[in-house]
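Visitor: Please give me a close look at a single part of this model, and then show how that part relates to the rest of the chain. I am a first-year student, and I would be grateful for an explanation that proceeds step by step.

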Amino acid sequence: MQYLNSLRQKAYSLNTCIYALYLSCRDVKVDWYIMIMLAVAIAYAVSPIDLVPDLTPVFGYLDDVVIVTLGLTLSYRLLPKEVLQQARL
């Protein structure tokens, strides 16, 4: 039961971080390349077009996870901290 609560808490935290990224990228203080990087990561996550087809065992889904994670992480680190803090509030 505790594991399920921990998992719910992590999912809520991830949801909050992604929504804060979305709100941050709408700010005028954010550089254009950060907005494009975040848009590409999200578009790749929801797009049916992949670099490696999902029918390929393991690597089909692994490329999705790696590309989306890198895009979100780089966007998160490149955002100005004051803009991100304001979006979290």
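Guide: A helix here is a DSSP run of H or I with at least four residues, and the helices are numbered from the N terminus. With that term in hand, Leu 78 can be placed in helix α3, and the part to be examined is the end of this helix, the loop after it and the start of helix α4. The model is predicted.

The whole chain provides the setting. It has 4 helices and 0 strands, and along the sequence these give the pattern α-α-α-α. The C-alpha trace spans about 40 × 40 × 15 Å along its principal axes. Of the 89 residues, 22% count as buried. Among contacts between residues at least 6 apart in sequence, 59% join residues at least 24 apart.

The close look begins with Leu 78. Helix α3 covers residues 59-78, and Leu 78 belongs to this helix. Leu 78 counts as partly exposed because its relative accessibility is 40%, and partly exposed lies between the 20% and 50% limits. Once neighbours within four places in sequence are left aside, Leu 78 is in contact with Tyr 33, Ile 34 and Met 37. Helix α2 runs over residues 32-46. In the other direction along the chain, Leu 78 and Pro 57 are 21 residues apart in sequence, while their C-alpha atoms are 33 Å apart in space.

Next comes Pro 80, which is found in the loop between α3 and α4. Its relative accessibility is 22%, so Pro 80 also counts as partly exposed. Beyond residues up to four places away in sequence, Pro 80 touches Lys 29 and Val 30. The C-alpha atoms of Pro 80 and Ala 39 are separated by 17 Å, with their positions 41 residues apart along the chain.

Val 30 deserves attention in its turn. Apart from neighbours within four places in sequence, it is in contact with Ser 24, Cys 25, Met 35, Leu 79, Pro 80 and Val 83. Both Val 30 and Leu 79 are members of the largest nonpolar core, which has 10 residues. The remaining members of this core are Ala 20, Leu 21, Cys 25, Ile 34, Leu 38, Val 83, Leu 84 and Ala 87. The elements that give two or more residues to the core are α1 (2-25), α2 (32-46) and α4 (81-88). Such a grouping can be set beside a general tendency: in soluble globular proteins, nonpolar side chains tend to be buried together.

Lys 81 then opens the last portion of the part, for it lies in helix α4. Its relative accessibility is 52%, and Lys 81 therefore counts as exposed, since the limit for that class is over 50%. Lys 81 lies over the face of Tyr 76, at 5.8 Å from the ring centre. Lys 81 and Ser 24 are 57 residues apart in sequence, yet their C-alpha atoms are 9.7 Å apart in space.

One contact of Leu 78 leads on to a pair of rings. Tyr 33, which touches Leu 78, forms an aromatic pair with Trp 32. A pair of aromatic rings is described by the distance of the centres and the angle of the planes. For Trp 32 and Tyr 33 these values are 5.9 Å centre to centre and 90° between the planes, and the pair is edge-to-face. Trp 32 is exposed, with a relative accessible area of 62%, whereas Tyr 33 is partly exposed at 37%.

Finally, helix α3 offers a further residue for comparison with the part just described. Asp 63 is found in this helix, and it is buried yet has no salt bridge. The nearest side chain of opposite charge, that of Arg 77, is 21 Å away. Leaving aside neighbours within four places in sequence, Asp 63 is in contact with Tyr 44, Asp 50, Leu 51 and Val 52. In summary, Leu 78 touches Tyr 33, Ile 34 and Met 37, Pro 80 touches Lys 29 and Val 30, and Lys 81 lies over the face of Tyr 76.

Note on methods:
Residues numbered from 1 in each chain as written. Predicted model: local features only at pLDDT ≥ 70, side-chain atom pairs only at ≥ 80, totals over all residues. Heavy atoms only, no water. Core = buried A, V, L, I, M, F, W, Y, C linked by side-chain atoms within 4.5 Å. Buried < 20%, exposed > 50% of the residue type's maximum accessible area, 1.4 Å probe, protein only. Contact = heavy atoms within 4.5 Å. Phe/Tyr/Trp six-rings, centres within 6.5 Å; stacked < 30°, edge-to-face > 60°. Lys NZ or Arg CZ within 6 Å of the ring centre and 35° of its normal. Lys, Arg positive; Asp, Glu negative; His and termini not counted. Salt bridge = Lys/Arg side-chain N within 4 Å of Asp/Glu carboxyl O.
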